[in-house]
Amino acid sequence: MLFKLFFTCCVVLFSLLSYANKSEAKVAPFEIAKLSESLYIVTDNDYGTNIGVVISDSATVLIDPMPGEGRFNDLHAQIKLLSKQPIKYVINTHRHEDHTGGNDFFKKLGATIVDSDVLESQTTQDSENSSNKIRSHLTKLGLMLSQVKSHTYNDVLVSHQASNAIFVGDVFDNSWHPTFYAGGLAGLNSSIDTIFSMTNKSSIIVPGHGKTANKELVDAFRMNTIAWVKLVSKLHKNQVSIDEMMNDKNINELLQRFNTENTHTFIPQNAFRRFIERTVEIIATGQK
Ligand SMILES: [Zn+2]
């Protein structure tokens, strides 16, 4: 009997220990893609935001640090494994939460936030944090920044010359349909022209989410967006309803062209509807 009791206790203790081990192991690792000796992309599942980690002899620069709520300490620990240099700057490709969520965390650790507001700021030209000083310091770190208007009114493109790579935020997306709602088709076109002026045939183009791409894929994305707007425009003119458009064969075929990762259910139905509605809004405001 005593032996049986001892045995049961051992089993319970063993189960508790393995449960504790399992919960400790719950923190999933990040996905890391090494683009060059001085550039990594860190991704986590929550938002799937492509977080850039740029490393130099004197500083680390982060691009769009949003790993998911409550993962900032983990992200910081991961960055420290990649770079011993302090995080000097955090650059945001735009101000949406899924790209700026880690700003406060890294600001408290001493990083300067760089977004389109900071780049446009004229008031503090003499201070250490003036836009000119920040730009020139970033240039020394091999980073070139350009402002465009497509996904938002404040999109920033960030190229890292040593890696021949450019972070384009959500101006281009390899895992979703285009969201060119601030600039319309004209904004998308001129933003892609700017991306192309900053890159060459072998450049790596890093979208805000999804796999990296090259010029050819971004050009196909542009052509598909033009075809999409043209078709929605035609159907809208012929008074085809949103519901009818959602069932239209050509609309569905065009939508699938954005499904470059070939996922089984590309986007939820409500997102599909919203995409058509917002395209109609763009057409109605003459932005196309
Ligand atoms: Zn995003």
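Good morning. I begin in helix H8, where the side chains of Asp219 and Arg222 meet in a salt bridge, with 3.4 Å from N to O. What you see here is a predicted model, and that applies to everything I shall describe.

The placement of this first pair follows from the helix itself. Because Asp219 and Arg222 are three residues apart in helix H8, about one helical turn separates them. Their surroundings can be described residue by residue. Asp219 has a relative accessibility of 31% and therefore counts as partly exposed. Arg222, at 10%, counts as buried. In general terms, side chains of opposite charge can pair when their charged atoms come close.

How many salt bridges does the count come to? The count is twelve, and I shall take two further examples.

The next one joins Arg273 and Asp243, whose side chains meet at 2.4 Å, N to O. This pair links distant parts of the chain: Arg273 belongs to helix H11, residues 269–284, and Asp243 to helix H9, residues 242–246, with the two positions 30 residues apart in sequence numbering. Arg273 is partly exposed at 29% relative accessibility, and Asp243 is partly exposed at 44%.

Remaining in helix H11, we come to Glu277, which forms a salt bridge with Arg274; their closest N and O atoms are 3.1 Å apart. Both residues lie in that helix, three residues apart, or about one turn. Glu277 has a relative accessibility of 26% and counts as partly exposed. Arg274 counts as partly exposed as well, at 39%. This pair is part of a network: salt bridges that share partners join Arg274, Glu277, Arg278 and Glu281.

Let me now turn to the metal site. Which residues supply the protein donors of the zinc ion? They are Asp98 through OD, His99 through NE2, Asp170 through OD and His209 through NE2, and they lie 2.1 to 2.2 Å from the ion. Along the chain, these donors follow the spacing D-H-x70-D-x38-H. Asp170 and His209 link distant parts of the chain: Asp170 sits in the loop between S9 and helix H7 (184–197), and His209 in the loop between S10 and helix H8 (215–237), 39 residues apart.

Why is the arrangement around the zinc ion called irregular? The four donor atoms subtend angles of 87 to 155°. A tetrahedral assignment requires all angles to lie between 85 and 135 degrees, so the upper end of the range, 155°, rules that assignment out. As for burial, Asp170 counts as buried because its relative accessibility is 7%. His209 is also buried, with a relative accessible area of 9%.

The two loops just mentioned follow strands S9 and S10, which brings me to the sheet. Four strands form an open sheet in the order S7-S8-S9-S10, with mixed pairing. Strand S7 (143–148) and strand S10 (204–206) are at the edges; each has a single partner strand, so one side of each has no neighbour in the sheet. From one strand to the next, the twist averages 20°. Strand S9, residues 165–167, runs parallel to S10, and three bridges join them. Within that pairing, Ala165 stands opposite Ile204 in S10.

My last topic is strand S2 and its partners. Is strand S2, residues 39–43, mostly covered or mostly uncovered? It is mostly covered, since five of its five residues are buried, which here means under 20% relative accessible area. In a regular strand the side chains alternate between the two faces of the sheet. In S2, Leu39, Ile41 and Thr43 point one way, whereas Tyr40 and Val42 point the other way, and all are buried.

Strand S1, residues 31–36, runs antiparallel to S2 and is joined to it by five bridges. A hairpin of two residues makes the connection from S1 to S2. Across this pairing, Ile32 stands opposite Val42 in S2. S2 is also joined to strand S3, residues 51–55, by four bridges, and these two strands run antiparallel. There, Leu39 stands opposite Val54 in S3.

To close, I return to two points. The zinc ion takes its protein donors from Asp98, His99, Asp170 and His209, and the salt bridge between Asp219 and Arg222 lies in helix H8. Thank you.

Conventions: Residues numbered from 1 in each chain as written. Predicted model: local features only at pLDDT ≥ 70, side-chain atom pairs only at ≥ 80, totals over all residues. Heavy atoms only, no water. Pairing = 2+ DSSP bridges. Axes fitted to C-alpha atoms, helices over the stretch in contact; angles between N-to-C directions. Donors = N, O, S within 2.8 Å, 3.2 Å for Na, K, Ca; no water. Tetrahedral: all angles 85-135°; square planar, octahedral: opposite > 155°, others 65-115°. Buried < 20%, exposed > 50% of the residue type's maximum accessible area, 1.4 Å probe, protein only. Salt bridge = Lys/Arg side-chain N within 4 Å of Asp/Glu carboxyl O.
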